[in-house]
Amino acid sequence: MTKQSIVQDYKHPQPGTTSTFTVDEKVRREVWNNGIRRPKGYVVSYHANPDMEKMHFGPKHPMKPWRLTLTNKIVLAYGMHEAMDLYIPRAATPQELKEFHREDYIDFLQRVTPADNTWDPESRTYAYNTADDCPIFDGLYNYCSLYAGASLDAARKLTNHQSQIAINWSGGLHHAKKTEASGFCYINDIVLAILQLLLHHPRVLYIDIDVHHGDGVEQAFWSTDRVMTLSFHKYDRAEFFPGTGALDDTGPLNNASPGAHHSLNVPLHDGIEDDQYIKLFQDIVRPCVRTYQPTVIVLQCGADSLGGDRLGCFNVNIKAHGACVAFVKKFNLPMLVLGGGGYTARNVAKAWAYETSLCIGAEVHPNLPVHTPYLEHFGNEKTLFPKLDSTERYANKNSRVYLESVVMGIMEQLRYLQGSPSVQMQHIPPDIGGLRDELERELFNEREEREERERARRKKERKG
């Protein structure tokens, strides 16, 4: 019997000549077809830690960190990573988190376990608001330190001039307060990132397009003129979380306070549509930039302002949402781009992937690449731009007259500003809160010294 060769001669086909070529080759084809290349004249950095994607708030909770998995898979499938510097950021240290948050709150987040979940008014979870909307789950502290670390890393890349646009879709959790969790947010990574930016930048403009008011960031910088906060959101004091952010909420009422007129709010009603949203955004952001003259912009891109969102109430499509990113980019200022809300995961991922393409200046085709992982999750909507305003549509309650009145209200607040604030740059404190605490301590010590001198004088008079 003739011995035959087990392995026959085999010639591998050239890439592209068969449907079985590798995923890498498919991605390279996407890069070629979409003309994706590194931007000229600026660097975009992308900050993502895959450990974030493993977190789970619970089966019935609307916050799904898995939306980050979908976002990153679309970005990679299009080949956008070829145009960016990619970073896996480290977790923030407890000391870094304490630059804004109180020490006892950070210590609590480090120690608490799911067994501590309770709504007992006497419990620590009640005191720190970590129940119901902000549950305790396995890996909570790791989750918080990872998304905060990513925002800090992105901010440092901007201050070090290693990138001009830094993206962290896991960040943007704008409701967290100094000593408590709020609205699915435990650590306010935005405040921490802005404090980092203030080490090098005299003025920061914070813009928030989440459907919910950016109350945590506004409160943190309420009394300083070095940060201007501008939030576009649904407003209903009684019926819609967090019930803050009225047009006349513009900072401290005392005009002598540096923060007066530096907290700007754009309250909206249900059902605002694409053209209205884009025009309103541009009509307000343009004069804010011109008047305040920021040296860096932080843009929170909460995707719950999209139509069809599980918790939202607008009729905004992905291209209109992305138009805000494109408009801010035109100012050619360093820009920190963050995520935020967004509770219909498939639409959140598409929006943030599209906005990533805008940051790198690529025009990607609308059909999701066929090799995109988890493509079946998108059902029949395998397009980057589904028609979001045709399903679960809200009646538009934003009249032209109302929106014009909102613009006029913002212009009136800007009129109070006497140009951009000047900052003496010899020394910039690590955080604004720390500076206030230091001044309060000095005043307290001076008062104590005066009272001590007065007591000594009276004692001497009595002896005489």
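Reader: Which residue in β7 stands opposite Ile-207?

Author: In this predicted model, Ile-207 has Leu-299 of β7 opposite.

Reader: What makes strand β4 and β7 a pair?

Author: Two strands pair if there are at least two bridges between them. Strand β4, residues 204–208, and β7 are joined by five bridges in the parallel sense. Five meets the requirement of at least two, so the two strands are called a pair.

Reader: How many bridges join β7 to strand β8?

Author: Four bridges link β7 with strand β8, residues 335–338, and these strands also run parallel. By the rule of at least two bridges, β7 and β8 therefore count as a pair too. One facing couple there is Val-298 and Leu-336 of β8.

Reader: Why is strand β7 called largely enclosed?

Author: Buried means under 20% relative accessible area. In β7, residues 296–300, five of the five residues are buried, so the rest of the structure largely encloses the strand. Both faces are covered: one side carries Val-296, Val-298 and Gln-300, the other Ile-297 and Leu-299, and all are buried.

Reader: Why is His-161 called exposed?

Author: Exposed means over 50% relative accessible area. His-161 has 65%, so the word applies. His-161 sits in the loop between α6 and β3 (165–168).

Reader: How far apart are His-161 and Val-43 in sequence and in space?

Author: The two are 118 residues apart in sequence. From C-alpha to C-alpha, they are 9.1 Å apart in space.

Reader: What makes a set of residues a nonpolar core?

Author: The members must be buried residues of certain nonpolar types, joined through side-chain atoms within 4.5 Å. The largest such core here has 129 residues, and those touching the most other members are Tyr-143, Tyr-186, Ile-187, Ile-194, Ile-207, Phe-232 and Ile-284. Helix α6, residues 140–159, gives the most to this core, namely 11 residues. In soluble globular proteins, nonpolar side chains tend to be buried together.

Reader: Which residues is Ile-187 in contact with, leaving aside its neighbours within four places in sequence?

Author: Contact means heavy atoms within 4.5 Å. Among the residues that Ile-187 contacts are Leu-97, Tyr-105, Leu-109, Tyr-147, Ala-176 and Leu-192.

Reader: What makes a space a cavity, and what makes it a pocket?

Author: In a cavity a 1.4 Å probe fits but cannot get out, while a pocket is open. The structure holds three cavities of 30 Å³ or more. The largest cavity has a volume of about 100 Å³, and the second largest about 50 Å³. The largest pocket offers about 260 Å³ of space.

Reader: Which residues line the largest cavity, and what classes do they fall into?

Author: The lining includes Tyr-46, Ala-48, Glu-53, Asn-72 and Trp-169. By class, five lining residues are nonpolar, six polar and one charged. Glu counts as charged, so Glu-53 belongs to that last class. Helix α2 supplies the largest share of this lining, three residues.

Reader: What classes make up the lining of the second largest cavity?

Author: That lining has seven nonpolar residues, one polar and one charged. Arg-67 is part of the lining, and Arg counts as charged. Ser-170 also lines this cavity.

Reader: Which residues lie nearest the centre of the largest pocket?

Author: They are Tyr-46, Ala-48, Glu-53, Asn-72 and Leu-76, out of 14 residues in the pocket lining. The largest share of that lining, five residues, comes from α2. Its classes are nine nonpolar, three polar and two charged.

Technical notes. Residues are numbered from 1 along each chain as its sequence is written. This is a predicted model: local features need pLDDT of at least 70, side-chain atom pairs count only at pLDDT 80 or more; totals for chains, interfaces and linings use all residues. Side-chain values use heavy atoms; hydrogens and water are left out. On a 1 Å grid over the protein atoms alone, a cavity is a set of points where a 1.4 Å probe fits but cannot get out, and a pocket is an open set with protein on both sides within 12 Å along at least five of seven lines; lining residues have an atom within 4 Å of a point. Grid points are joined across faces, edges and corners, and a volume is the space filled by probe spheres set on the points. Buried means under 20% relative accessible area, exposed over 50%, partly exposed in between (1.4 Å probe, protein chains only).
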